[in-house]
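Student: Could you take me through one small part of this structure in detail? I'd like to look at a single sheet and then see the chain around it.

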Amino acid sequence: MMERRRMDAALLVLLLGHLATALEVPLDLPQPPTITHQSPKDYIIDPRENIIIHCEAKGKPHPSFSWTRNGTHFDIDQDPNVTMKPHSGTLVVDISRAKAEHYESVYQCTARNKHGTAVSNNIVVQQSRSPLWSKEKIKPIVVQEGVSLVLPCRPPAGLPPPIIFWMDNYFQRLPQSSRVSQSLNGDLYFSNVLKEDSRNDYICYARFPYTQTIQQKQPITVKVLSMDAINDTMAAFYNDTDLFSEEPADERKPIFLIPSGPSSSKTVLRGQVLEMECIAEGLPTPEISWTKVSGDLPAKRTSFLHYQRTLRIVNVSESDAGDYRCTGRNRLGSVHHTIHIVVNAAPYWISGAPRNLVLAPGENGVLTCRASGTPKPSVTWAMNGIPIENSPKDLSRTVDKDTIIFTVVQTGSSAVYQCNVSNDYGYLLSNAFVNVLSEPPRVLTPANKVYQVIKNHRALMDCASFGSPIPNITWFKDSRSSTLDGDPYILHDNGTLEIHVAQAHNSGKYTCVARNSLGIYENHIYLEVKEPTRILKQPEYKVVQRGRSVVFECKVKHDPSLIPTMTWLKDDGELPDDERLIVDADSLTISSVTENDSGEYTCIMNTTLDHDSASAQLTVVERPDPPTDLELTDQKKRSVQLTWTPGDEHNSPIQKFLIQYEDIMHHRGHWHNLTEVPGTKTTAHLKLSPYVHYTFRVLAHNGVDFSRPSVPSRVFKTDAAAPDENPTGVQGFGTEHDNLVISWKPLSGFQSNGPGLHYKVSWRPVGGEWTTVTVANNSKFTVSGTPTFVPYEIKVLAANDLGDGPEPAIAHGYSGEDLPIAAPENVQVMVMNSTLAEVHWDPVPSKLIRGHLKGFKVHYWREHSLHKHNSHHMEQILVFSGNHSHGMLPGLHPFSLYSFNVRVYNGKGDGPPSHTQQFETPEGVPGPPTSLTVTNPSPDSLTLEWSPPHVRNGRITGYSLKYQPVNNSNELGPVEELALPANETSVTLSNLKYNTRYKFYLNAKTVRGAGPTIPQEAHTIIDEGKSAHADEYK
């Protein structure tokens, strides 16, 4: 299995934060205070540590700080336990000499300078509390099996509320299920109790997160008894009065334990977590399901907890209001409850908090404080911490509900405005200043900054600026021939220039220019577009046998100007520190792999800009471990069931199990294959033979090899019995003409089925009476005095001390053979051509063959050639296997006299020959002349001399001579042909061309045609007087 993951990197300079439009005034310029850090509105403190109430602010000049406590001025100098950090408004309360609870109050910080005043939120300081559980004695709870039960927790109230969980005396969480679960208030609910719920250590724990302390309730004892057991057990304690009088708890339909009634309602605030729960009792245990009556549940924000008993919706919105229905159901019925949800909202910003305004004298501006909530919140304004209606009048300022409009502002109008939005569920307080400045433009982005980006990624180049009036930003590239304000460039409001898909030609020098009415400022930056890092050859999935080596390749291409770093991970962690793992430039080699090396290997190529990665799985396989725990069950006379436990398959599934046995009585030390079963099975029903002392072992086989054998099973002995089978391979044949040898393949000791193995051998002539003998310790028996080659019926029965085997099958055989006593008759021959003859004969009667007919043999020899009466007498034999009545004699010599006879043969040998006959073969074509020589060459003649053919195949009737000239280019000239009489052995050729090479071809003829040629070449000699003349065949 290989996985490839693309992880694109982006430089810090390219983060989306560049696109923010918040206005930052450089700190070297005059500006009102801005609060940069403050403690949360609801500030819970640890009473064991000093109290730190944060208030940090910036401004020019740096602001001074003061505090109110519960709405009145807090004189820090008068409290020796409180100090303010230098250059900060943060308070530090030393509780070593005072109690933390003395400082539980509402605090507000004020930061002011000559340009205005900013205030913090109201910070409510409360110490965390983790009170102890009240001491109580909890009586044991005795309940009837099947009824419902609630174990109360009721932890002490803490700040913040504690986290509740149930554990036992060993600090192990108590198991919960759809039957037993914890409610939102911490109580433990049982839909029905079982006997196994009895225990004496149901303990509720409360963990208080701020102090990290855990409080423990006294253990609760629960005893679950049947009806009779309850009466018998408790009678002694209650004056023999039955504790329960009703019948034992029966199955019943669900009833909700919580909430009660058919409906309820709940209010939740927007953005919070809504949790609704329904817990039902019943038997069988009810299943809980949830629906929204007026719509669908928000799938991405919904989860079900505590075995469906709790419905949880996070980040609640107004759309989550409505009716929700929970249903408890078992096979006896169902119950429903409807929860009406009301969603209210503390104030929240619609388009963000008001933003600082920087205006030049004479400019206009707007502060907007737009928020919403349920119920609708009210909006109030303050200036420098004083309600705006009580602030000095300013004709350039107009307040219109959630908006302040500034018209033609003047120097000296700088101030900090506070917007407070509140309803019954909370408030929002925001500071926003109006700073009236006249300031020429400046670019805040460092000069000559280099931006690097990967090709085809987004490039963002900063031109952070400040000025009052706000500068106008333009961008140029290289020659500054035109502004960059169209595709592929995007100019953002904050001056950032974006190239959505950067290419190599976008590299270069860029200039951003900031202008306002007071001046101009320009800044240069550089963009470098780099080639992406790519893995060209990824590591591949590997399956490797333990002990071998494996190589993962990871070949990468990257931008040559970026320095790459190759990192290998195993299962998303560092590679083990092991010398067997060798990391090269583009590969990882693992030698002598072990099973611990299995896992996912990832190569990561990092550069300063991006990285690429690819992963592959390594599976280390090995032959399986041997099976264990062999057990014999279901033991019968002829069968037993064998079960086993498979060993570790070592990442290669077991394909089959091989079951072997050892017969320690007949063949100790030798294991034999008995059967195979699929790898999914761990049991086999084994069919067994009698009179064997079995031990079994099992081998597992996977894709690698067989496991080592298991430890053998115990010995299983089968009882003796009569044989189940008879010998095989029964046959009868004679070794002499007057005997019959009966033989068979003996049974093995395993097949004997019992002691005293012997054989009952029976035979009879076909249609005769059976004769039987008993044979032991042998596998053949010879019957003597039989007629020659008579058919017999034979059978061999296996028997032992416990009886005979099954009725044996009858085999057939013959007594011994003797030589045939007759030759084939009516032998004839047909000469087909000069080299082939066909011989025919009549069959020999079976009784005269005296054995199994094997075939016929034709003996033939060449007496002499009809041309010369020299004798040859080299006999040849052709064998025709089977019952034939004719045969072909190929390869004969033409023009010859042949003699032949025919014999029949059986398993004993050949019979007498037939009467010898003769036939003649007709003439054939002769062989080539024995020799051809050239004599007496002259300028225009030469003599050819030859010898007659050695093989004439008939009477020679003449010769044919062909010849033709050959020039220096081996081209052949015209052919001349001469017919020569049979009694000539030379010829002189005249009128030949001088100094010319000739080719000659000579062959002999009979009445059957011409034989093959004998070739020769010769030159005529040079005539000095004609040497100047050319010849076209020279």
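Tutor: Happy to. Before we look at pairing, one definition helps: two strands count as a pair if DSSP finds at least two bridges between them. Keep in mind, too, that this is a predicted model.

With that in hand, turn to β16 and strand β17, which covers residues 188–190: the two run antiparallel to each other and are joined over three bridges. You can locate the pairing at residue level, since Gln-182 has Leu-188 of β17 as its bridge partner. In general, the strands of a sheet are paired through backbone hydrogen bonds, in either a parallel or an antiparallel way.

Now widen the view to the sheet. It is open and has three strands in the order β14-β17-β16, with antiparallel pairing. At its edges lie β14 (149–151) and β16 (180–182), each of which pairs on one side only. From one strand to the next, the twist averages 20°.

Finally, here is the chain as a whole. Its secondary structure amounts to two helices and 87 strands. The radius of gyration is 59 Å, well over the 31 Å that the globule rule gives for 1034 residues, so the chain is more spread out than a compact globule. Along the principal axes, its C-alpha atoms fill a box of roughly 160 × 125 × 55 Å. Buried residues account for 44% of the 1034 residues. Of the contacts between residues at least 6 apart in sequence, 66% link residues at least 24 apart. The exposed area of the chain is about 52,900 Å², with 50% of it supplied by carbon and sulfur atoms.

Terms used
Residues numbered from 1 in each chain as written. Predicted model: local features only at pLDDT ≥ 70, side-chain atom pairs only at ≥ 80, totals over all residues. Heavy atoms only, no water. Helix = DSSP H or I, 4+ residues; strand = E, 2+ residues; numbered from the N terminus. Axes fitted to C-alpha atoms, helices over the stretch in contact; angles between N-to-C directions. Rg over C-alpha atoms; globule rule 2.2 N^0.38 Å. Buried < 20%, exposed > 50% of the residue type's maximum accessible area, 1.4 Å probe, protein only. Contact = heavy atoms within 4.5 Å. Areas by Shrake-Rupley, 256 points an atom, 1.4 Å probe, with all protein chains shown as cover.
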